[in-house]
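This report looks at how residues pack inside a chain and where two chains meet. Please keep the sequence and the structure in view while reading.

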Amino acid sequence: MDSIFNAIFYAFTFCAVYVEIFFLFTFLERRGEIVTKLDDRPDRVYPSVTVIVPCWNEENTVQGTVDSLLGLDYPKDKLHIMLVDDGSTDNTWKVLQGFTETPNIQIFQKENGGKHTAMNLGITHATTDFIGCLDADSFVTPSALKRMIPYFDEPDVMAVSPSIIVDDPKRHIEWAQKIEYQLSVYIKKMLGLMNGIHVTPGPFSIYRTAVFRNLGLYKLAHKTEDMEIAYRMHEHGYRIEQCHDAVVNTKTPPTIYKLYKQRLRWIYGFINNTIDYRRLLFRKKYGTFALFTVPAGIVSIFAASYLFIFMIYSWGKILIQKILQIQAVGVQASASPHFSFDWFFVSTHALVFISIILYGFVFLSLLIGSKMATGKFRPSFAMVWYIVIYSIIAPVWIISAIWNTVARRETAWR
Amino acid sequence: MQNTNHNQNSLSKYVMVFLITAGLFATVFYVSNSLTNRKLAELNTIQNNISTDLLSAEAQYSLLGELDCSQVSTTVLSDQLNELSKKIEYLESSSGKSDELTQLEKQYSLLEIKEYLLMKAVTKRCGQKSVFILYFYTTSENCS
């Protein structure tokens with residue numbers, strides 16, 4: 001029985017190392033394409049863009065979000081902003097009304113129906129060729145939009161996502177998320193080079209309006225409408241790019257419980273959107289998205305769950321053996337207690353080397369992500385903190401998401 | 001709207017990454033195996049040394065009629081056997097059962113019995129007080 005468990009363990013770690021090497025291979029193969037497209041020629045014509053900010057109980061952050069949009073280095077007559085209050089119960093609407101007199105801002109208020117309904121209201125009122133979304137707890141940097149628009153010079157690019165980094169982390173859990181988001185900058189850029197991005201996130205993804213005119217509006221989609229629209233785009237052969245040097249800062253959950261709730265919703269959304277679009281899987285027609293991105297996501301979910309349970313089982317076995325040993329012979333104390341190091345007792349199990357390789361690749365990915373996001377190729381203690389925290393808590397929300405799917409239990413927004 | 005080919009991955013890329021990963025795993029298993037074999041060889045050496053020491057102690061005991069009891073060393077053998085048993089136990093838990101390890105465990109058990117018989121005789125001859133605890137290995141899942 002143990003040999004079966006071990007074989008499954010090795011199979012999952014093989015997949016994990018495969019994915020890491022795949023990304024590294026892509027990075028080395030295509031690093032010449034990781035360039036900034038900022039094109040500040042005076043004769044460049046920038047298109048009109050509508051940015052929709054859906055809000056629900058965001059009184060503390062929406063002011064900063066709108067101020068950051070107004071601070072964009074972009075022709076003011078080409079930027080339209082729509083603020084949609086989705087039935088907030090706090091002072092969000094009052095804050096939005098402060099922008100009534102701002103020329104390029106429209107504000108809307110509606111009954112609560114979910115983020116996707118707020119976005120759709122904005123889309124149906126938009127008249128520009130490009131539409132963007134910005135979550136009300138996120139803040140764009142001034143050059144973000146100018147860096148993203150040149151990606152649309154290629155006519156088959158239908159959506160562009162920015163690099164999202166954590167805004168002003170203070171707590172350990174926020175620092176761990178900061179590292180995770182830096183890693184995502186690297187991963188998403190590699191996926192973008194292969195047209196394998198599977199989610200166009202809420203913070204400042206920009207779309208051609210034609211996406212919604214041709215494919216329809218946002219759907220509820222298990223409260224992950226930004227993922228479902230990306231799946232739908234791939235189904236129709238649309239190309240999604242990632243602009244790694246367009247930076248958006250976002251607020252992240254400040255406690256472990258709130259992070260758990262958020263990630264539970266994301267993983268539940270991934271599992272259920274994948275089930276809804278299972279017809280695309282492993283079909284060459286849908287490229288990297290169907291052959292690599294989604295399958296790797298599926299394997300990672302089961303791998304994380306299995307490895308976590310395997311670890312608990314292994315530690316439990318060791319603990320029981322120790323208890324039985326102590327019950328049989330008592331606690332053994334040496335007559336002359338001293339510590340002597342013996343190389344014999346250093347584990348040379350294949351597992352140890354594979355773990356070192358796997359974590360080595362993760363660390364390298366973190367460094368590359370840090371370089372792409374911040375310009376610095378520098379390790380930090382937060383990287384260790386990220387690996388430790390996420391190794392323990394990520395499997396919990398993954399297993400919960402699997403359970404909620406099996407039990408058909410919907411997840412909450414917050 | 002169709003995907004452009006330049007954004008797709010060729011089959012050869014998937015295969016190459018697979019081969020690199022497989023090569024990495026093969027290297028890891030080879031290195032791990034080699035190191036485990038070295039540990040087994042070390043245990044064999046320790047076992048041989050203990051055998052020799054045991055023979056030496058038995059010869060000493062045979063001559064005891066003409067020697068002082070204080071010159072018969074008894075603790076060193078026990079310490080060596082203790083170290084051997086810890087290493088055998090560690091190797092079994094980390095690498096699992098193997099034919100070589102089972103053979104080592106048999107030899108350890110025999111050495112342990114020989115040491116017990118010798119110490120029992122020395123205790124009786126020299127009037128020492130000793131407590132004997134013997135550990136044995138089993139291939140059964142359940143000892144009861």
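## Y186(A) and the nonpolar cores

In this predicted model, Y186(A) touches F23(A), L24(A) and F27(A), and also S365(A), I368(A), G369(A) and M372(A), leaving aside residues up to four places away in sequence. Y186(A) belongs to the largest nonpolar core, which has 88 residues. Y186(A) is listed there among the residues with the most contacts inside the core, together with V211(A), F212(A), M233(A), L366(A), Y386(A) and W397(A). Which helix gives the most to this core? Helix α12 of chain A, residues 381-406, does so with 11 residues.

Another core, of 34 residues, lies apart from the largest one. Its members include C55(A), V66(A), L69(A) and Y74(A).

## A buried threonine

T50(A) sits in strand β1 of chain A, which covers residues 49-55. Is T50(A) buried or exposed? The relative accessibility of T50(A) is 2%, and buried means under 20%, so T50(A) counts as buried.

The side chain of T50(A) makes a polar contact with the side chain of T128(A), at 2.7 Å. T128(A) is also one of the residues that T50(A) touches when those up to four places away in sequence are not counted. The others in that list are H80(A), M82(A), A126(A), F130(A), I131(A) and G132(A).

## Where chain A meets chain B

The size of an interface is often given as the accessible area lost when the parts come together. Chain A and chain B bury about 3400 Å² between them, and 64% of this is on carbon and sulfur atoms. Of the area that chain A buries against chain B, 21% comes from F14(A), Y18(A) and F344(A), more than from any other three residues. The contact takes in 44 residues of chain A and 35 residues of chain B.

Across this interface there is 1 salt bridge. K13(B) forms a salt bridge with E29(A), and their closest N and O atoms are 3.4 Å apart. The interface also holds 10 residue pairs in polar contact, counting pairs with both residues at pLDDT 80 or more.

## The side of chain A that faces chain B

Helices α1 (2-30), α10 (287-329) and α11 (350-374) of chain A each supply at least two residues of the side that touches chain B. Which of them gives the most? α1(A) does, with 11 residues. By type, the residues on this side of chain A divide into 25 nonpolar, 12 polar and 7 charged.

Technical notes. Residues are numbered from 1 along each chain as its sequence is written. Chains are lettered from A and ligands numbered from 1 in the order in which they are written. This is a predicted model: local features need pLDDT of at least 70, side-chain atom pairs count only at pLDDT 80 or more; totals for chains, interfaces and linings use all residues. Side-chain values use heavy atoms; hydrogens and water are left out. A nonpolar core is a set of buried Ala, Val, Leu, Ile, Met, Phe, Trp, Tyr and Cys residues joined through side-chain atoms within 4.5 Å. Buried means under 20% relative accessible area, exposed over 50%, partly exposed in between (1.4 Å probe, protein chains only). Helices (H or I, at least four residues) and strands (E, at least two) are DSSP runs, numbered from the N terminus. Contact means heavy atoms within 4.5 Å. Buried area is the accessible area (1.4 Å probe) that two parts lose on being put together, summed over both. A salt bridge is a side-chain nitrogen of Lys or Arg within 4 Å of a carboxyl oxygen of Asp or Glu. A polar contact is a pair of N or O atoms within 3.5 Å; within protein, one must be able to donate a hydrogen and the other to accept it, and residues adjacent in sequence count only if both atoms are side-chain atoms. Ala, Val, Leu, Ile, Met, Phe, Trp, Tyr, Cys and Pro count as nonpolar, Asp, Glu, Lys and Arg as charged, and the others, Gly among them, as polar.
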